[in-house]
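Please work through the following exercises with the sequence and the model at hand. Each task is followed by a worked solution.

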Amino acid sequence: MTVEQIASRLAEYCRNEEFTRAQQELYAEDAVSIEPLETPGFEKETRGLEALQEKDRKFSSMVESRYGTTVSTVLIAGNVFSFVLTMDIKMKGREREKMTELCVYHVKDGKIVSEQFFM
């Protein structure tokens with residue numbers, strides 16, 4: 001797949017809250033995920049597809065309700081693409097909130113090799 005195809009497909013999976021499916025299909029086995037900062041239960045950097053999938057399961061287990069996810073227009077520059085992701089969610093034990101992140105992805109050999117989030 002091209003960078004454009006991967007970006008389009010990932011944006012669509014995110015809009016549909018199919019994060020696990022996106023990882024299974026679009027991510028490299030040695031992909032890296034970088035968070036804005038380390039938080040309790042989540043490292044700043046996670047390496048390897050299996051670890052990323054575990055991180056996704058852990059985050060999902062903390063969500064009480066989802067009210068929708070939006071994705072901005074995708075921007076592409078070479079092998080990198082980005083979009084703004086906004087999730088309207090209620091985490092267990094917290095008030096409903098909108099979480100907005102700038103998501104930046106690097107593609108190599110037809111797979112996402114890194115993702116980095118900025119808040």
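The exercises below treat a pocket, a buried acid, salt bridges and backbone angles.

The model is predicted, so local features need pLDDT of at least 70 and side-chain atom pairs count only at pLDDT 80 or more, while totals for chains, interfaces and linings use all residues. Residues are numbered from 1 along each chain as its sequence is written, and side-chain values use heavy atoms, with hydrogens and water left out.

**Exercise 1. Characterise the largest pocket by volume, lining and class of residue.**

Step 1. The volume of the largest pocket is about 720 Å³. A pocket is an open set of points on a 1 Å grid over the protein atoms alone where a 1.4 Å probe fits, with protein on both sides within 12 Å along at least five of seven lines; lining residues have an atom within 4 Å of a point. The volume is the space filled by probe spheres set on the points, which are joined across faces, edges and corners.

Step 2. The lining has 29 residues, and those closest to the centre of the pocket are Glu35, Lys55, Phe59, Met87 and Glu101.

Step 3. Two or more lining residues come from each of helix 1 (3-15), helix 2 (19-26), strand 1 (27-34), helix 3 (49-61), strand 5 (80-91), strand 6 (96-108) and strand 7 (111-118). These elements are DSSP runs numbered from the N terminus, with helices H or I of at least four residues and strands E of at least two. Helix 3 gives the largest share, four residues.

Step 4. By class, 19 lining residues are nonpolar, three polar and seven charged. Here Ala, Val, Leu, Ile, Met, Phe, Trp, Tyr, Cys and Pro count as nonpolar, Asp, Glu, Lys and Arg as charged, and the others, Gly among them, as polar.

**Exercise 2. Describe the setting of Asp56 and its nearest side chain of opposite charge.**

Step 1. Asp56 lies in helix 3.

Step 2. Asp56 is buried and has no salt bridge; Arg66, the nearest side chain of opposite charge, is 5.7 Å away. Buried means under 20% relative accessible area, exposed over 50%, and partly exposed in between (1.4 Å probe, protein chains only). For charge, Lys and Arg count as positive and Asp and Glu as negative, with His and the chain ends not counted. A salt bridge requires a side-chain nitrogen of Lys or Arg within 4 Å of a carboxyl oxygen of Asp or Glu.

Step 3. Leaving aside residues up to four places away in sequence, Asp56 touches Phe19, Thr20 and Gln23 (contact means heavy atoms within 4.5 Å).

**Exercise 3. Examine salt bridges of the model and the accessibility of their partners.**

Step 1. The whole structure contains nine salt bridges.

Step 2. One of them joins Arg9 and Glu25, with the closest N and O atoms 2.4 Å apart. This pair links distant parts of the chain, helix 1 and helix 2, 16 residues apart. Arg9 is partly exposed at 37%, and Glu25 is partly exposed at 22%.

Step 3. In the pair Asp88 and Arg96, the closest N and O atoms are 2.6 Å apart. Asp88 is buried at 11%, whereas Arg96 is partly exposed at 47%.

**Exercise 4. Which phi values do Glu17 and Asp109 have, and where do these residues lie?**

Step 1. Glu17, not a glycine, has a positive phi of about 55°. Glu17 lies in the loop between helix 1 and helix 2 and is partly exposed at 27%.

Step 2. Asp109 has a positive phi near 50°. Asp109 lies in the loop between strand 6 and strand 7 and is exposed at 74%.
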